[in-house]
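Here's a quick briefing to read with the structure open beside you. Have a look at the chains first, then work through the points by topic.

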Amino acid sequence: MSTASPKTKAVEERRNVVILFAGDSGDGIQLTGSQFTDSSALFGNDVSTFPNFPAEIRAPQGTLAGVSGFQLHFGSVEVWTPGDQCDVLVVMNAAALKANLHKLKPGGSIIANTDGFDKKNLRLAGYIDEADPLADGSLAPYHLHSVDITKLTRAALEGLTLGMKEKDRCKNMFVLGFINWMFNRGMDNSERFLQQKFGKKPDLLEANLRALKAGYHFGDTSETFTTRFEVKPAPMPKGTYRSITGNQGTALGLIAGAQKAGLDLFYGSYPITPASDILHELSKHKNFGVITFQAEDEIAAISSAIGASYGGALGITASSGPGIALKTEAMGLAFMLEIPLVIVNVQRGGPSTGLPTKTEQADLWQAVHGRNGEAPIPVIAASTPIDCFDMAFEAVQLALEHMTPVILLTDGYIANGAEPWRFPAAKDLPAIVPPTVIANGDEGAVKRSLADLHDASGKFLPYVRDERGVRPWALPGQPGLQHRIGGIEKQDKTGNISYEPKNHELMVKLRAEKVARIADRFKPIRLDSGPPEGEVLIVGWGSTYGSIRTAALELQAEGHSVAHVHLRHLFPFNKGLGPLLKKYRKVLVPEMNSGQLRQLLRAEFLVDAQGLNKIQGLPFTSAEIKEAVLSLQRS
Amino acid sequence: MSTVNGANGIPGQARNDNVEKVDFSSDQEVRWCPGCGDYSILKQVETLLSQSGRKKEEVVFISGIGCSSRFPYYLDTYGLHGIHGRAPAIVSGLRSVRPELSVWMITGDGDALSIGGNHIIHLLRRNVDVNVLLFNNEIYGLTKGQYSPTSPEGAITRSTPMGSTDHPFNPLALVKGADGTFIARSMDRDPKHMREILARADAHRGTSLVEIYQNCNVFNDGAFEVFTEKASKPTHTLFVEQGKPLTFANGTKGICIKEMKPRVIDIGPEFSPNDCWIHDERDNFKASILVRLFEDPRHEGAFPRPFGVFYVADRPTHEEKLQGQVKRAKELKGIGDLDTLLNGGHTWTIG
């Protein structure tokens, strides 16, 4: 596409821009946002996104409940969050404006689709007496650009045989074209995307391309817009990048883990928001020996994964809070059997059905404590979309090498958020070596002779342990290794049923010790930023990473003695954490819950940790973190 | 050793009589109550396996919770004693990745039809290749005597002192409703018949479900007496055999279908066995009627209770289809390359 005479309009350079697209959940806002994100990432900006949508697929049109939003932060500098407040707000109707105006910076730009501000829309959005904010001067503190996007789109599509509804669906491409113009972007990427999406439907392709170009030309020719903005590429480390969401990262990390262990991957799952995209992603990759099983319920999902692990594949299940609750009993079984299993919880607002499409970190206690009996299971957490890959890989590593179920916590915020990823080469990922025992004398990773795995009479001992407390993985089909395992308490070494009191105590301790020893393999604890000792240590976990990092860097630049450590291992903790906590006068634990990590830290380390707790289904802004650190310093 | 001929004339059990017999029992002491019907089932399964020529390491027993679910511990095969009701799901995962193993699932009326009801119907519709032995004793034994989903309405049990208010399941009608591909019934007191049925179940590809009437002599003694005792057995039971007329009471009575309904007829001057319904285990509609012959035997004029193989259908197994997709994906896209996957096909380079 030729970019027409930008000389006629001024180009202003910006370090970073936050743009929020908002409209009805049927307006195609998510698509506009993710496409512009893609173009920005390809251009070389650092990006961070926050899709925010209602639980209903098509919530009542025009209402506040039906507003879908996509926030993108892109910069010529590194960006860590989708941004606290936005510079540009694109609203497709009155409800979208009402729901999001508070997020716009003073002096920010509003691009409003006037067609979405008719009397009906104003009433549905709850504007008193149907007062039109586009006309009544209430938006004076902002740069308001009223554009009849619907009319302009229809005009651009004149002569096409599509119905009005289908034509109006192209509005989002008009917006994308316009935003491409506004930020001085080429159209190649957007056009390529449309070719791919509608290649087989020429009339839709034509309509969307026309709307896209119409949006671009509108910016060029309309006199209301005098300035374009430019955000130069960010100084990112050299390398090849792609864009990735957290759920994609999790899926790829799981496949990479299975590949590095040389195993087939079995994924048992039941659809649930916001975890289903892991199922969708994995089901595309069957050529990696991936079997996806959409089970009849959450219990069958995990139980089938246990069956697959028992058979020698890597068994995995994922869900969100309510589904994880249903899987609890089976987690206890996997723990008792001591077989590998990865359980992913893409957390959402709870309790019960809670806030299906909103984010929260309130399932930490469920992960750490939520089973009957003493059943400690390693719990690890991802902090960014990219980190979902690394932590999923680590979950596989821990599960297979230590013969244990492992819980990986992510959440809706990073699961749906995207960022540029300098992806690793397969050869740089470590091999994963489970303690598989093979009957023909090659004992695999079990660093013992086969004789050690049998009793004096030659019977196989499925629960004999190595120096890490890990038992051998003997798969059905191996002659001479037949054994029976189950959820009933078992005798040490033989695995036979045993109700003997002292044996039970021994087994509870042996199982706990095995999990505790996993901490031996963790790398030394490392600060994310800040001085090695000082005034305040911010301890974070999970998706709060970006806002805490941003706040910590700003505070450090302003001269405050503030450090940030971000925990990936929540059970067992990194052995270096206890000593680290003692090096600061105060400890602040920001969490999107009422203080679950804080209480674990207090219990484990007797530290007077203070909490910053937000339970609104929304991520922290970095300003909120900064303010909390400053007020803690003052106290 | 006797054989039961399938519809295709497959000898279910004649295959390995010359094979050296292998002892499939484990070193664990069997801990069912003395006199329990489970002993008989264990013995028939051991006998079948030892004569089958199958290697011990190729056999896996998966169970849920309940008296019957202790079964895996007593066999020297691979075994997994799971959690209550979930054995079908564990089996589904195992079979998906290890289709070459011989998998048996041991369950009871509570395990399969109450807490695991959701899983059993999905196992059946998917047609996972497994032999399901459903021990039905119409009572909860391990929890000491509460009514089960197959206990008759009005059953006086520890949890229903005034009688059960629940209408019971007809297990095989449920199995038929879920499109099970092998449906059979046997009883603990007829070892020969049970062995024949188990052999047929083992030979079938897909979910073979065998309901076994099993006496709980502690909490529900005599629940199936009318079908198992010499005096009442002939008039209250109907042993169906492929291609043979449905006759009972030592050949003096038969069942015919008239105006779409089954009726009992007297074999004699008026009717000959040729007038009877000829059993065809491949007949989907007749099987639906057969599983519905489920009247309370105490009622006047009740139909006899059928035993044998009611229905057999060929349908691809779930694991065949799953593995088939993996194979096809590998053929179409090539065996997965991790670097290609990580790259994702849409990249940009900095530097």
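What follows covers the nonpolar cores, the contact between the chains and some strand pairing in chain B.

Keep in mind that this is a predicted model. Its largest nonpolar core takes in 203 residues, and 58 residues of chain A are in contact with 51 residues of chain B.

**Nonpolar cores**

- In the 203-residue core, the residues that touch the most other members are A:Leu265, A:Phe266, A:Val342, A:Val396 and A:Leu408.
- Helix α14 of chain A, residues 385–402, gives the most to this core, putting in eleven residues.
- There's also a second, separate core, this one of 64 residues, with A:Ile19, A:Ile110, A:Leu124 and A:Cys170 among them.
- If you want one residue to click on, try A:Val342: leaving out residues up to four places away in sequence, A:Val342 touches A:Leu254, A:Ile316, A:Ala395, A:Val396, A:Ala399, A:Val406 and A:Leu408.

**Where chain A meets chain B**

- The contact involves 58 residues of chain A and 51 residues of chain B.
- On chain A's side, β9 (239–245), α9 (246–261), β10 (265–269), β11 (290–294), α11 (298–310), α12 (321–337) and β19 (484–486) each supply at least two residues.
- The element that gives the most to the side of chain A touching chain B is α11(A), with nine residues.
- By residue type, that side of chain A splits into 29 nonpolar, 21 polar and eight charged.

**A strand pair across the chains**

- β9(A) is joined to strand β12 of chain B (residues 347–350) by four bridges, and the two run antiparallel.
- To find the spot, look for A:Thr240, which stands opposite B:Thr349 in β12(B).

**Hairpins in chain B**

- Strands β8 (residues 247–248) and β9 (residues 253–258) of chain B pair in the antiparallel sense over two bridges, and B:Thr247 stands opposite B:Gly254 in β9(B).
- Four residues sit between the strands in the hairpin of β8(B) and β9(B), where B:Ala249 takes a positive phi near 50°.
- β9(B) also pairs with strand β10 of chain B (residues 261–266), again in the antiparallel sense, over six bridges.
- In that pairing, B:Lys253 stands opposite B:Asp266 in β10(B).
- The hairpin of β9(B) and β10(B) has two residues between the strands, and here B:Glu259 takes a positive phi near 50°.

Notes:
Residues are numbered from 1 along each chain as its sequence is written. Chains are lettered from A and ligands numbered from 1 in the order in which they are written. This is a predicted model: local features need pLDDT of at least 70, side-chain atom pairs count only at pLDDT 80 or more; totals for chains, interfaces and linings use all residues. A nonpolar core is a set of buried Ala, Val, Leu, Ile, Met, Phe, Trp, Tyr and Cys residues joined through C-beta atoms within 7 Å. A residue is buried if 20 or more other C-beta atoms lie within 10 Å of its own, exposed if 12 or fewer, and partly exposed in between; C-beta atoms are placed from the backbone. Two residues are in contact if their C-beta atoms, placed from the backbone, lie within 7 Å. Ala, Val, Leu, Ile, Met, Phe, Trp, Tyr, Cys and Pro count as nonpolar, Asp, Glu, Lys and Arg as charged, and the others, Gly among them, as polar. Two strands pair if DSSP finds at least two bridges between them.
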